Amino acid sequence: MEDAYIIKGGKRLNGTIKLSGAKNVALKVIIAALLFDQEVTLKNIPHIVDVQELLHLIQLLGAKAQFVEKNTVVVDGRSLNSNKVDFLHGSKIRVSFMLMVPLLHKFQMCYVPNPGGCRIGSRPIDRIIEGMKTLGAKVDYDSDTGFYEAELNDKPAGTYTFPKVTHTGTEFLILLSLFGKDRITLHNSAEEPETDNLILFLNQSGAKIERNGKKITIDPIKSLKRDNPFEILPDRNEAVTFAILALATKGEITISEISPSLLETFVKKIKEAGIGVAYTPKTMFRFYFKSFVKASHIETAPHPGFMTDWQPNWAVLMTQAQGESYIYERVFENRFSYVGELRKLGAEIEFVKIPPKDPKEYFFFNFDPNKKYNQGIKITGPQTLHGGVLNITDLRAGATLAIAGLVAQGESVINGASILERGYENFIDKVTSLGGDIQRA
Ligand code: EPZ
């Protein structure tokens, strides 16, 4: 079987989608579960490549981590017997660097490869390393081996202010601070709901973590303990992907089991674009195409802003909008890899300069004045898209290309299906259930 999708587009998609568990919670609670002196059961865990890669990584370290039912994982860190994360598998998923925390907790020192993940920007972990050192850890990077070597012989202590917001960085330092000497305070922390779901999991298990806006305090505990399974949040990134997938084909979709607070900014922008949105606690969200889509101006930002993960899919919707739309990407550099691919299908997209007063303030990545960035695009619509041969380079761009294939008149081949399946569970079944014509090549 080829690592590609064949999609026949041009049909209006309608139906209902049951969301999978959130990838960006699943990966962190699995790692956090290694900090317990017991077996931990996690529910609503999506069967996706990134989760399977992480479970394999953890098994290589000697611990138990596996699916026991369709979406239930059990983790037991008591049998951890290695403090060196496998280089090949570790460099495949970015969150592998978070394994430093359970390894330091168990062995007081560890070796972890420089994280990989999607190809969206350089994705350094300088803020995390700084935070670790501020709290008392020793961290060195050996560029010959590509490994970080970390050491923490004493309990962590202190206060750290993130120079810029980092989602996994916040989660990493929360985990590192659990068994501290005294109260640890983190300033300018991330506010993503996925981080709050991790905090809920930990506080239900005896942790003492308090959030006050971007300030998070962690009071010391001796151990974590829980008797019942933990069920993670649904995936709001998946909700946005499927809402746009239906709407871009002028269809409608009902999305189950997601709280409005997870999609506030998306719903606001969808309504501004002239699209119908109905919400009832029973049917949850219904997104429906009305008569036409209005052009929009999007600037991505950490939660509660318009998520960077949503902008690639939004771009396809804007190829069907009336007029000129703009997307300014502030969180990651190099997150427009899909532009060249959409142009192959006839999309009219050009890069535009963003006029920020102070780019060091405006962007959430480490802005380098000597580097050239493409951080803004203009999309002119509506455009009739035709089929083509496309190549996926990162996860959310992958979903973008699949959506574009479903919008396009004609047949498309999309290479790199396995990259999309890093983050989307049962993608083919879900698209087919909406009436989409998609199959693995
Ligand atoms: C998490 O990535 C998510 N991944 C991303 O989802 C999501 O887009 C992002 O948060 C924003 O919400 C997971 O949770 C596994 P950041 P993360 O640290 O934590 C720079 C998806 O498709 N930075 O908030 O890596 C960084 O390069 C993925 O599901 C530093 O420079 O994002 C980026 O430009 C994609 N130094 C910006 O900050 C650091 O030490 C924000 O990154 C840390 C980050």
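**Ligand shell, helix H6 and selected loops**

Thr166 caps helix H6 (167-177) at its N-terminal end, with a side-chain oxygen 3.0 Å from the backbone nitrogen of Gly169. Helices here are DSSP runs of H or I with at least four residues, strands are E runs of at least two, and both are numbered from the N terminus. The model is predicted: local features need pLDDT of at least 70, side-chain atom pairs count only at pLDDT 80 or more, and totals for chains, interfaces and linings use all residues. Residues are numbered from 1 along each chain as its sequence is written, and side-chain values use heavy atoms, with hydrogens and water left out.

H6 is mostly covered. Eleven of its eleven residues are buried (under 20% relative accessible area; exposed is over 50%, partly exposed in between; 1.4 Å probe, protein chains only). Among them are His167, Thr168, Gly169 and Glu171. The buried set also includes Phe172, Leu173 and Ile174.

The cap residue Thr166 is also one of the residues that come nearest to the ligand, along with Arg94, Thr168, Asp309 and Val331. The shell around the ligand holds 27 residues, a residue being near if one of its heavy atoms lies within 4 Å. These residues divide into eleven nonpolar, six polar and ten charged. In this scheme Ala, Val, Leu, Ile, Met, Phe, Trp, Tyr, Cys and Pro are nonpolar, Asp, Glu, Lys and Arg are charged, and the others, Gly among them, are polar. Domain 1 (4-20 + 234-440) and domain 2 (23-231) each give at least three residues to the shell. The domain bounds come from an automatic or database domain assignment.

Oxygen atoms of the ligand make polar contacts with the protein (pairs of N or O atoms within 3.5 Å; within protein, one must be able to donate a hydrogen and the other to accept it, and residues adjacent in sequence count only if both atoms are side-chain atoms). An N or O atom in the side chain of Arg396 lies 2.8 Å from a ligand oxygen. For the side chain of Glu192 the distance is 3.4 Å. At Phe364 a polar backbone atom is 3.3 Å from an oxygen of the ligand. The protein covers 97% of the 830 Å² of accessible area that the ligand has on its own (Shrake-Rupley method, 1.4 Å probe; for residues, only the protein chains shown count as cover). Helices H1 (23-32), H5 (126-134), H6 and H13 (395-407) are the elements that give two or more residues to the shell.

Strand E16 (residues 284-288) pairs with two strands (pairing requires at least two DSSP bridges). Four bridges join E16 to strand E14 (residues 252-255), in the antiparallel sense. Here Ile255 has Phe285 as its bridge partner. Strand E15 (residues 276-280) also runs antiparallel to E16, over five bridges. Val277 is partnered by Phe287 of E16.

Three loop residues were examined. Asn114 lies between strand E6 (109-113) and H5. Its relative accessibility is 32%, so Asn114 counts as partly exposed. The C-alpha atoms of Asn114 and Phe97 are 7.2 Å apart, with their positions 17 residues apart along the chain. Gln320 sits in the loop between helix H10 (311-319) and strand E19 (321-328). Gln320 is buried because its relative accessible area is 13%. Its side chain reaches the backbone oxygen of Gln383 at 3.1 Å. Arg422 occupies the loop between helices H14 (417-420) and H15 (427-433). Arg422 is buried, with a relative accessible area of 13%. The side chains of Arg422 and Asp50 make a polar contact at 2.7 Å.
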